[in-house]
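Q: Please take a close look at the salt bridges in this structure. Which residues are paired, and how buried or exposed are the partners?

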Amino acid sequence: MFKKIVGLAFALIVALSFTTQSTSHANDIKGHQMVNELTYWSNLNVIRPDSKGNYYPNRAVTRGEFASYITRALELPDSSTYTFKDLKAGNELTREIQAAAGSNILSGYPDGTFRPNEKITRQHMAALLEKALRYSNVPLEGQPLTFKDNNKISDQFKPAVATNVYYNIIRGSHTKNGVFFEPQGNATIAHAAAFLFRMQTTIETFAVKEGEGTVETPAPNPNVYYVGKISNGVITKNSTVYFNYEQAESALKSSGSNLIIKGEKIIKMSSGIASAADTKANTVTIYSDKNFTKSLSYAVEGSQFKYIGSNDQYAIVQLADTKGYAKIDEVTLTPTSLIKGQDFYFVEGGYLTHRTYNHITQKYNWDYVVSEAPVFMQRGGQYYSQDGVNFYSDVLLTKKVGTHYPYFQFQSIRQPSNYTAEELDNMIMTLLAERQAIKTSPQYAKATTDSRLIGMGKFLKQVEAQYNVNALFILAAAMHEGDYGVSKNALTKNNIFGIKVFDTDPTLGEVYKSRDDSVLAFINRYVNLNYVPQSGGYAKGAAPGNKTAGMNVHYASDPFWGSKIAGHMYRMDNRFGKKDYKQAKLAFVSYENGLLVNVRNEPSTASPVHFTYKAKYVGETGVFGYPISIVEETKGTDGYVWYKIMSDNNPPAKYGWVRSDLVQLIPGY
């Protein structure tokens, strides 16, 4: 296919060509910078001298000459597939040009001519060299172009130039102002010799040889950009390569395409959904700024986000009601027509039920009941929501149908439960017996005897009284995190809350002497230290919440941890007496002009400050402040209505007072 030079023979010929010159044609190449390459091709009769032995190395090479060089170097077979009306039949140059055309290395002009005497430009030469590599079974890799005159290279030739740069065939012209490609410049015969020599070295090194199998499709260059579109569920990339995002974005606006693709990854689309990609940390962080300096929240890989916009550095997404920036490499963009599955809500048995979807495994997870179904939802319909509060009829979240706040998701966990220790124990044993009866779930085979939740009712009420943390909430968290007390960590480590069990390694987890020690660790090292009191580093509200308000913002990577905990609480309460549902009026502490909100010891601005709610991101809808539970209201001596609320502070504090104009009531409660 090309001059059969392999192994030692190739090395010897190269060495000889670099040290021996034919005296018959040394007139104008002796001392030339490209003397070795010119001599090499001369010895192989690829580049030929005139009758006087001169090569004119600094003369611009023509299209016809360069075509003949490639044909001779690669020993291309004769072909009559393509003919050109400006070439004479039977002429040797014509035969060589037709051989290159028949091997799909070159083509003519639309008018049927080849124009062999025209000087070949450097970008045209790059195109022929790239096709020669393709013909020789060399994978067509590419490299981003950094020439000072990149903008002067025609778009249709940029992929070819990129391939030549990758294999170091064309290096550009070095000047004091930088390296230039000079795409419209004329290449000389000496340049042709050098480029052909590097081409052959590349073929010898990288081509898949005969008998070694077929050429594998090379991995796409991850550093180049394309524009594309979707047709019949198939993504089609335009062939033009762009070497920076700005070029691709400009082309997107003028080409009628709706995608920008970097390598094989979609980085911009007209509509669709985003999801957390597979990362080393197994989670994706949402930041408040495009420089990724301040974290707002995070989500486990496979989680779904609302897509707002993107570029080659970040995606603007919404997690719950939190809008922020995610690193583009850490998200997957799925155009609307390619969506295979998504999180959605539906009504079953009068209950609001949630079905989640993992966008990495592309499988649905188990369903769970969140609360009672809101009146605006109909059985048989599918509803979509990012925050579990605002619901839409379409997956892109543009057609809102209603708002519903699940009670236990936003009730303060300081609110004590009305269930006794005996009633909590009855709940536990009833639910464990039902789990044990599930024959398809062998992990529950000994649930009624082995579960670490058995008999914890009395301790839950003691903890509730001592630490002001709702007993039903603690039980729900243990059921969720410890799989009803039969998880491996629960059984072997007494760790019923999955403490120090990280997404990167679920086998990890702290060991406790007893189940009760695990409960105390959950309360004292997490709930009452960092997540509920305003002194805590992760304080976003004393409720399970979502990814904008409540413990869920920072406590768990699962975006629906809060609604799942609330779901456990609702299902237990709804079944075993309905003693806790709607026992308090729910609200959010709201903000105006970024002012802090003081909670007082008594219903008066003259009363000492009990604690202060720190400034907090309240979400795109502006409502997700700090969730509070109101137990009483009165009119103060200052003329304002004041709300008595469950205090976020740790015991012995129990209540505080906040002015009603600083509070936004949650509808329905």
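A: What follows goes through the salt bridges pair by pair, beginning with one between two helices. The model is a predicted one, and the structure holds 20 salt bridges in total. Among them is the pair formed by Glu434 and Arg575, whose closest N and O atoms are 2.2 Å apart. Because Glu434 belongs to helix H10, which covers residues 421–436, while Arg575 belongs to helix H17, covering residues 561–575, this salt bridge ties together parts of the structure that are 141 residues apart in sequence. Glu434 has a relative accessibility of 36% and therefore counts as partly exposed, and Arg575, with a relative accessibility of 44%, likewise counts as partly exposed.

Another of the salt bridges joins the side chains of Arg515 and Asp516, with an N to O distance of 2.8 Å. Here the two partners fall on either side of the 20% limit under which a residue is called buried: Arg515, at 14% relative accessibility, counts as buried, whereas Asp516, at 23%, counts as partly exposed.

In a further pair, the side chains of Asp558 and Lys564 meet in a salt bridge at 2.7 Å, again taken from N to O, and in this case Asp558 and Lys564 are both buried.

Salt bridges also link residues into a network, whose members are Arg72, Asp78, Arg95 and Glu96.

How values were computed: Residues numbered from 1 in each chain as written. Predicted model: local features only at pLDDT ≥ 70, side-chain atom pairs only at ≥ 80, totals over all residues. Heavy atoms only, no water. Salt bridge = Lys/Arg side-chain N within 4 Å of Asp/Glu carboxyl O. Helix = DSSP H or I, 4+ residues; strand = E, 2+ residues; numbered from the N terminus. Buried < 20%, exposed > 50% of the residue type's maximum accessible area, 1.4 Å probe, protein only.
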